[in-house]
Amino acid sequence: MAIREPGGTALGERLRDVLLDPASDPTARAELFLLEAARAHLVDRVILPALEAGRTVIADRFADSSVVYQGVARGLGIPMVEQLNRLACAGVEPDRTLVLDLPVEVGLERARSRSTTTAATRRFEDEDDAFHRAVANGYRDLATRHPRRVRLVDARGPAEEVHVRVLAALAGLVP
């Protein structure tokens, strides 16, 4: 089962709209609380029932994203974000986190050119270069701090090559 975060439930999608809209302009703490609310709802309504049914869940973002975006790049601190993640996730932790690693400029160019990135949804893409460098460094640090679970995947090159690297990073986990 594939899910996205924030999102994945009716409530999560509404919160996603607020979070991505540049007009919302939430403070760092408000942004974190909105994300944790969406995450808690997704865990309770979708992830836990799927895991209890023996299904594999693949998420486009999860708690590690808040550690990096809000804890590191927004400066709220990793310990506070990890504490809120534990509460929101009710004991759910990914078996593997993949970080698609790219030079900041390339990643931003890709993100800004996606068909789903519009004036109404590009709040994160519009952040300054320092923010995006902090995010990239935060993910690299996360991989260093959690080497058994977090893997950096070189995302340069054609999609087919990146796909092969992703599958290699998931070896033994995904049927």
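**Reading labels on a predicted model**

Biologist: Where is Pro-6 found?

Modeller: Pro-6 sits in the loop between β1 (2-4) and α1 (10-20). Those names come from DSSP runs, numbered from the N terminus: helices are H or I with at least four residues, strands E with at least two. This is a predicted model, where local features need pLDDT of at least 70, side-chain atom pairs count only at pLDDT 80 or more, and totals for chains, interfaces and linings use all residues. Residues are numbered from 1 along each chain as its sequence is written, and side-chain values use heavy atoms, leaving out hydrogens and water.

Biologist: What makes the peptide bond from Glu-5 to Pro-6 worth a look?

Modeller: That bond is cis, with omega near -5°. Most peptide bonds are trans.

Biologist: Why is Ser-65 called buried?

Modeller: Ser-65, in helix α3 (residues 63-73), has a relative accessible area of 11%. Buried means under 20%, exposed over 50%, and partly exposed in between (1.4 Å probe, protein chains only), so Ser-65 counts as buried.

Biologist: And why is Arg-61 called partly exposed?

Modeller: Arg-61 has a relative accessible area of 37%, which falls in between those two cut-offs, so partly exposed is the right label. Arg-61 lies in the loop between β2 (58-60) and α3.

Biologist: What about Ala-90, in the loop between α4 (78-89) and β3 (97-101): why is Ala-90 partly exposed?

Modeller: Happily, that works just like Arg-61: Ala-90 has 48% relative accessibility, so Ala-90 also counts as partly exposed.
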